[in-house]
Amino acid sequence: MKHFMAEPLRVLSKHLGLWHQVMRDRNVLETAKNRSLVAGAAFCVVFLLIFVRLADVMVIRSLWISPESDTPRLGVAAATAGARADILDRNGEILATHLVTASVYANPKVIINAEEAAAKLSGLIPELDYKSVLRKLSSGRKGFVWVVRHIPPKLQQSINQLGIPGIYLQRDERRVYPYGALVSHVLGYCGIDNNGLAGIEKYFDGRLTGTQDPMMLSIDMRVQHIVHDELSKAVHEFEAEGGSAMVMEIKTGEILSMVSLPDYDPNLPNQNQIGANFNRNTLGTYESGSIFKIFNTAIALETGTASLKSLYDATLPIRVGRFQITDFKGKKRVLDVREVFIHSSNIGSAKMALQFGGAVQKQYLDRFGLLKAPTLELPEIGSPLVPKIWRPVTTMTVAYGYGITASPLQSMVAVAGIVNDGWLRPATLLKRDPASMPEPIRIVSSQTSRTLRDLMRMVVTEGTAKTANVPGYEVMGKTGSAHKMAGRGYADKAKLTSFIGVFPKSDPQYIVLLFLDNPKPTIKTHGYATGGWNAAPTGGRIIARMAPLLGVVPVMDGEAGETMAPQMNLTPVNHVQEDDIHDTE
């Protein structure tokens with residue numbers, strides 16, 4: 001029996017052993033399977049984290065990082081919203097527009113090797129300083145820094161080929177001015193972010209931003225070319241420190257040209273001469289000299305304190321305390337109003353002013369717009385310097401253009417109003433719609449206006465502005481020469497010379513005003529440096545070139561406006577080519 005059971009027990013034990021072996025192998029496989037699942041899950045998590053990080057760096061941040069700040073915003077949309085409207089001249093010529101460019105920026109948080117990146121960028125773009133770039137790329141707290149703005153297309157491709165992690169290209173726009181410095185003081189310029197910083201660009205910054213609707217100015221580039229060319233020649237010929245000139249259409253107040261020298265290139269506003277962005281026409285205010293005799297004579301005739309036949313003794317200087325008022329190359333005799341005007345007699349003008357008095361003088365100068373800052377579509381507008389106390393000596397000096405300052409813009413608008421049959425219309429740099437013209441303001445009567453036109457015409461035909469006479473265009477005008485201020489007094493030789501011209505006399509349409517800052521005498525001017533020798537001929541050349549261009553029909557001499565002396569029953573004046581100076585000491 002024992003022997004009989006031994007074999008089955010052995011077999012059973014063998015099978016039990018095999019069964020245990022199978023169970024052990026199964027546990028091992030189960031463990032291996034579980035471990036594989038855990039390892040696979042771990043790898044998936046790692047790959048998911050890598051994918052998310054890559055998407056964050058390569059896609060999400062490049063789309064949502066704002067160029068202006070660390071605050072996430074849609075950069076592409078911001079660039080589109082930065083579009084800026086073109087600026088055109090009155091004939092549709094483009095004066096300011098924008099070009100689509102690209103700028104390079106970096107996210108220092110994802111820069112792997114700042115030193116290597118800075119070396120590659122500064123090596124590719126010579127104007128980039130290695131240390132400056134390295135400092136930007138090492139600012140780990142910032143998520144955005146500009147590296148360089150407005151790069152050309154070829155450079156964009158080169159930047160891409162560098163393949164530096166954390167360096168990106170941003171669509172950008174750049175303001176450009178096709179005419180360079182030619183219209184600089186009118187247009188002004190924009191900053192690197194296309195925000196207006198000067199001129200029309202600043203004054204209409206809100207109007208020009210975010211729109212493609214162009215703005216049309218009153219400027220006529222054909223006239224602007226002429227004025228800039230002639231003024232530049234005059235500044236060079238007479239070695240002047242600078243100059244300014246404007247042309248305005250009298251009946252509309254539209255300024256066709258505005259030039260101030262030295263000028264600057266608005267495409268490179270940070271690389272220009274210091275002080276070149278100063279607009280002498282609107283921001284500068286000056287003692288204008290004899291141009292003010294137009295206002296003085298207009299007041300005397302308008303108030304009736306003088307007529308053309310009124311006489312003033314200019315034999316001796318006028319003494320005021322330790323000062324005296326004199327005439328340069330004075331006639332030293334009695335002068336009538338016409339002679340006072342044409343000879344630019346300071347003595348006669350001062351006595352004329354004393355007759356209507358300081359209160360009336362102040363009232364009319366205010367009516368002419370000379371006592372307050374003018375209005376124009378520019379931020380660069382200067383305010384006149386007006387005496388706080390209006391003493392009799394003030395009345396006398398203001399009569400011939402001293403003791404008060406005014407900008408060329410103020411003087412031009414006021415004279416335009418006087419010759420425009422007494423109607424003053426405000427100046428503008430925008431092209432005006434004839435149907436919505438602002439109402440003019442009457443400042444003197446038609447009779448006073450006609451008389452002043454006669455007198456100004458005689459200054460050109462017989463007086464100090466003969467060199468401004470352009471046959472056929474009935475030019476009328478007035479010259480001025482004023483000593484420049486130096487400290488609390490006046491410089492002995494430094495002068496500001498000027499010429500204001502209007503044409504044609506029979507139907508005044510255009511006015512030209514130009515100043516030369518400290519012009520020097522030449523052999524050609526026989527040693528003189530007054531307005532009649534430098535500003536007047538420059539004004540005449542401007543008129544001669546622009547009058548045919550503007551369609552002004554010439555008339556034959558004597559056909560209109562050439563016979564005012566006989567009409568006024570006066571004898572023509574023989575005048576030397578000299579001008580007055582402020583000679584009060």
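What follows is a chat about aromatic pairs, a sheet and two helices in a predicted model.

Visitor: Before we start, what kind of model is this, and how are residues numbered?
Guide: This is a predicted model in which local features need pLDDT of at least 70 and side-chain atom pairs count only at pLDDT 80 or more, while totals for chains, interfaces and linings use all residues. Residues are numbered from 1 along each chain as its sequence is written, and side-chain values use heavy atoms, with hydrogens and water left out.

Visitor: How many aromatic pairs are there?
Guide: Rings of Phe, Tyr and Trp (its six-membered ring) pair if their centres lie within 6.5 Å, with planes under 30 degrees apart counted as stacked, over 60 as edge-to-face and the rest as tilted. By this rule there are 14 aromatic pairs. One of them joins Tyr 203 and Phe 204, edge-to-face, with 4.9 Å centre to centre and 75° between the planes.

Visitor: Are Tyr 203 and Phe 204 buried or exposed?
Guide: Taking buried as under 20% relative accessible area, exposed as over 50% and partly exposed as in between (1.4 Å probe, protein chains only), Tyr 203 is partly exposed at 44%, whereas Phe 204 is buried at 15%.

Visitor: And what about Tyr 528 and Trp 533?
Guide: Tyr 528 and Trp 533 form a stacked pair, 5.9 Å centre to centre and with 5° between the planes. Tyr 528 counts as partly exposed at 23% relative accessibility, and Trp 533 is buried, with a relative accessible area of 19%.

Visitor: Which residues form an aromatic cluster?
Guide: Tyr 105, Phe 144, Trp 146 and Tyr 168 form one aromatic cluster.

Visitor: Switching topic, which charged residue lies over the face of Tyr 364?
Guide: A charge sits over a ring if NZ of Lys or CZ of Arg is within 6 Å of the ring centre and within 35 degrees of the ring normal. Arg 367 lies over the face of Tyr 364, at 4.5 Å from the ring centre, and the charged end of Lys 478 sits over the ring of Phe 341, 5.6 Å from its centre.

Visitor: OK, the sheet: what's the strand order?
Guide: With strands (E, at least two residues) and helices (H or I, at least four) taken as DSSP runs numbered from the N terminus, and two strands pairing if DSSP finds at least two bridges between them, the open sheet of five strands has the order E9-E8-E18-E17-E16, with antiparallel pairing. Strands E9 (255-261) and E16 (476-486) stand at the edges with a single partner strand each, so one side of each is left without a neighbour in the sheet.

Visitor: How many bridges join E8 to E9?
Guide: Strand E8 (residues 242-249) and E9 pair over six bridges in the antiparallel sense, and E8 pairs with E18 over eight bridges, also antiparallel. Gly 243 has Leu 261 as its bridge partner in E9 and Leu 516 as its partner in E18.

Visitor: Why call E8 largely enclosed?
Guide: Seven of the eight residues of E8 are buried, so this strand is largely enclosed by the rest of the structure.

Visitor: Last one, where does H15 lie?
Guide: H15 lies across E16 and strand E17 (489-503), running at about 75° to E16, where axes are lines fitted to C-alpha atoms, for helices over the stretch in contact (heavy atoms within 4.5 Å), and angles run from 0 to 180 degrees between N-to-C directions. Twelve of the 16 residues of H15 are buried, so the helix is largely enclosed by the rest of the structure; among the buried residues are Arg 453, Asp 454 and Arg 457.
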